[in-house]
Amino acid sequence: MKLDLPLLELPGSAAERPLVVLLGLPADLEGSRRLLVRLAAGRPLLAVASLTSTAPTHADPTHADPTHADPTHADPTPSWPALTTWLEERLAERGFDQVDLLGWSFGGAWALQWLARAPERIDRAVLAVTCAHFRARERALLGLLARLLRERIDADVLHRGLLP
């Protein structure tokens, strides 16, 4: 499946690290232009509008559509690997080796996928209103972090608790 996602590119200083913005569903690039210009603050920006009705719902690109009578019929929804590959190709075309990343809503879930795949490409990341579904292990870790913040455990106590 060939992806052709809408994107908005803003020029900026080549000395500045580019900002990649992955927008949520539904995304309106032109309606978001004023905000994106402010976020860019003079650096190169590449904003991508997420898919509308074809957002990935699974990580397995061979996942069959359960509503289809033919179990060999592949789901036309692009996979997370396909979306992250598409993004990496767009960044390579622009010579963006390392970027800052902002993922909003569905774009945040996409950003998480890319962070897991290529953390060395991302200097700083912000995920906002992310629709990610965390597994039990991640929920437990987030719960621990929340408790640490709530109880204001200092760094020394934290190190003693985490290190043998």
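**Questions about a predicted fold**

Author: Let's start in strand β3, where L46 is the bridge partner of E9. The model is a predicted one, with residues numbered from 1 along each chain as its sequence is written. Local features need pLDDT of at least 70 and side-chain atom pairs 80 or more, while totals for chains, interfaces and linings use all residues, and side-chain values use heavy atoms, with hydrogens and water left out.

Reader: What makes β1 and β3 paired strands?

Author: Strands are DSSP runs of E with at least two residues, helices are runs of H or I with at least four, and both are numbered from the N terminus. Two strands pair if DSSP finds at least two bridges between them. Here 4 bridges join β1 (residues 7-10) to β3 (residues 45-48), so the rule is met. The two strands run antiparallel.

Reader: How do you know that β1 and β5 are edge strands?

Author: Happily, the order of the open sheet tells us: β1-β3-β2-β4-β5, with mixed pairing. Each of β1 and β5 (122-128) pairs on one side only. On the β5 side, its partner is β4 (residues 99-104), in the parallel sense over 6 bridges, with V99 opposite I122.

Reader: Which side chains of β1 are buried?

Author: L8 and L10 are; they point to one face, while L7 and E9 point to the other and are not buried. Buried means under 20% relative accessible area, with exposed over 50% and partly exposed in between (1.4 Å probe, protein chains only).

Reader: Why is the pair of W80 and F106 called stacked?

Author: Rings of Phe, Tyr and Trp (its six-membered ring) pair if their centres lie within 6.5 Å; planes under 30 degrees apart count as stacked, over 60 as edge-to-face and the rest as tilted. The centres of W80 and F106 are 5.3 Å apart and the planes stand at 20°, so the pair is stacked. W80 sits in helix α2 (residues 80-93) and F106 in helix α3, 26 residues apart. Both residues are buried.

Reader: And what makes the pair of W86 and W110 tilted?

Author: The centres of W86 and W110 are 6.4 Å apart, with 45° between the planes. That distance is within the limit and the angle is neither under 30 nor over 60 degrees, so tilted is the word that remains. This pair also links helix α2, through W86, to helix α3, through W110, 24 residues apart. W86 and W110 are both buried.
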